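Got the viewer open? Load the model and get ready to click through a few selections.

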Amino acid sequence: MRQLPRSSRLGRLRTINFPMAVPPARPGAARHAGDDYGQGDTPDWRSVDWGAHLHRVEIAGHEVNYADLGEPSRHRPILFIHGLAGQWQNWLENIPHFAQDRRVVAVDLPGFGMSDMPGEKISIELYGRVVAELCERLDLAPAVVVGNSMGGFVAAELAITSPETVERLMLLASAGVSQMDAAKRPVMAAAKVAGLLATSNVAQMKLVARRPRARHWVLSLVARYPGRLKGDLMFEGMMKGANKPGFEDALLACLSYDFRDRLPQIGCPTLVAWGEKDAIIPARDADKFVELIPGARKVIFEDTGHVPMLERPRTFNACLDEFLEHAVQEGELEREGEAAA
């Protein structure tokens, strides 16, 4: 299997196999996380006037909310898709970095964030259709599509059903393989965490976000070392997305939809990325995606949980940069400029 080119910028990144999801870390273990854990990238997301970049578009009679930064350029736009109990803010540490030289859109899926509930029951197929129409309406296609967890499930569905929409695909700790089998227990455990947050008001969430030990006990199934992450990032990037009406239907959609027999239909360059210590979806699922998707490659973030883009933003952004800089042409890796020529 061909691996991504090595780079000193990628830090704690390697390829490895795992038999199962791992238990959450103890709070004291965070001292071993490495210098890049929780280190934000530039530009700082806190310096962005986000209100100026938020928009709504009507799809199938209901409004979908999205953030849109950067300008169209010779580079393909990026579309970020969040996971279960998520929102566009899951990508706060990544959007400003990539918007420096290309257009970047991050969507709130229907029923999450500030998007309306859809008119029909939530399903992975529905989300695939909504995202396809969003890409058409915003003139994004073909886009680089990056999905985390349930967002990876949706991104892969999009690549199967609307291949003209996806120029290349990054599946980050993606649902879609073992959620049908052994991973149901940790997925349901994560659902309980989301349920706990859903019963909390904003003041209580902010209190938890400010306290490293409280962050750890509430969010340690999702991030490996929540106490090492900044409180405002945890509140804005993770906790605010919990209490949304689409959660239950989306959870059931993830647990009931099986598209494994159609994954070989994905024809675009695909990178499968995972946190080594993912406590929700086991890192061994990365191997199954690579086995089923022709030409797919795999990278693993060492000592990292379910949300590498928030846990190790610099390393994640460097990894995606590497993927964007190379294109697959006639079975070989080539620099984007060389491939274009």
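Helices and strands here are DSSP runs, at least four residues for a helix (H or I) and at least two for a strand (E), numbered from the N terminus. With that in hand, select Ala85, which sits in the loop between strand 4 (78–81) and helix 1. Keep in mind that you are looking at a predicted model.

**Stop 1: odd backbone angles.** Most residues other than glycine have a negative phi, and most peptide bonds are trans. Ala85 has a positive phi of about 65° without being a glycine. Is Ala85 buried or exposed? It is buried, because its relative accessible area is 14%, and the cut-off for buried is under 20%.

Now jump to Asp303, in the loop between strand 9 (297–301) and helix 10 (308–311). Asp303 is another non-glycine residue with a positive phi, near 50°. Its relative accessible area is 9%, so Asp303 counts as buried.

**Stop 2: cis peptide bonds.** Select Thr42 and Pro43: the bond between them is cis, with omega near -5°. Pro43 belongs to the loop between strand 1 (13–14) and strand 2 (54–59). Then pick Ala141 and Pro142, where the peptide bond is cis with omega near -5°. You'll find Pro142 in the loop between helix 2 (124–137) and strand 6, which leads straight to the next stop.

**Stop 3: strand 7 and its partners.** Select strand 7, residues 166–172; six of its seven residues are buried. Add strand 6 (residues 143–148), which pairs with strand 7 in the parallel sense over six bridges. To line the two up, look for Val144, opposite Arg168 in strand 7. Bring in helix 3 (residues 150–161) too: strand 6, helix 3 and strand 7 form a right-handed β-α-β unit.

Which other strand can you add? Strand 8 (residues 270–275) pairs with strand 7, again in the parallel sense, over four bridges. Use Met170 as your marker here, since Leu271 of strand 8 stands opposite.

**Stop 4: a buried arginine.** Finish at Arg102, in the loop between helix 1 (95–98) and strand 5 (104–107). Arg102 counts as buried because its relative accessibility is 5%. Where does its side chain go? Draw a distance to the backbone oxygen of Arg76: the Arg102 side chain reaches that oxygen at 2.8 Å. Then show the neighbours: leaving out residues up to four places away in sequence, Arg102 touches Leu69, Gly70, Glu71, Ser73, His75, Arg76, Ile78 and Leu324.

Definitions and conventions: Residues numbered from 1 in each chain as written. Predicted model: local features only at pLDDT ≥ 70, side-chain atom pairs only at ≥ 80, totals over all residues. Heavy atoms only, no water. Buried < 20%, exposed > 50% of the residue type's maximum accessible area, 1.4 Å probe, protein only. Pairing = 2+ DSSP bridges. Right-handed = clockwise from strand over helix to strand, strands pointing away. Polar contact = N/O pair within 3.5 Å; in protein donor to acceptor, adjacent residues only side chain to side chain. Contact = heavy atoms within 4.5 Å.
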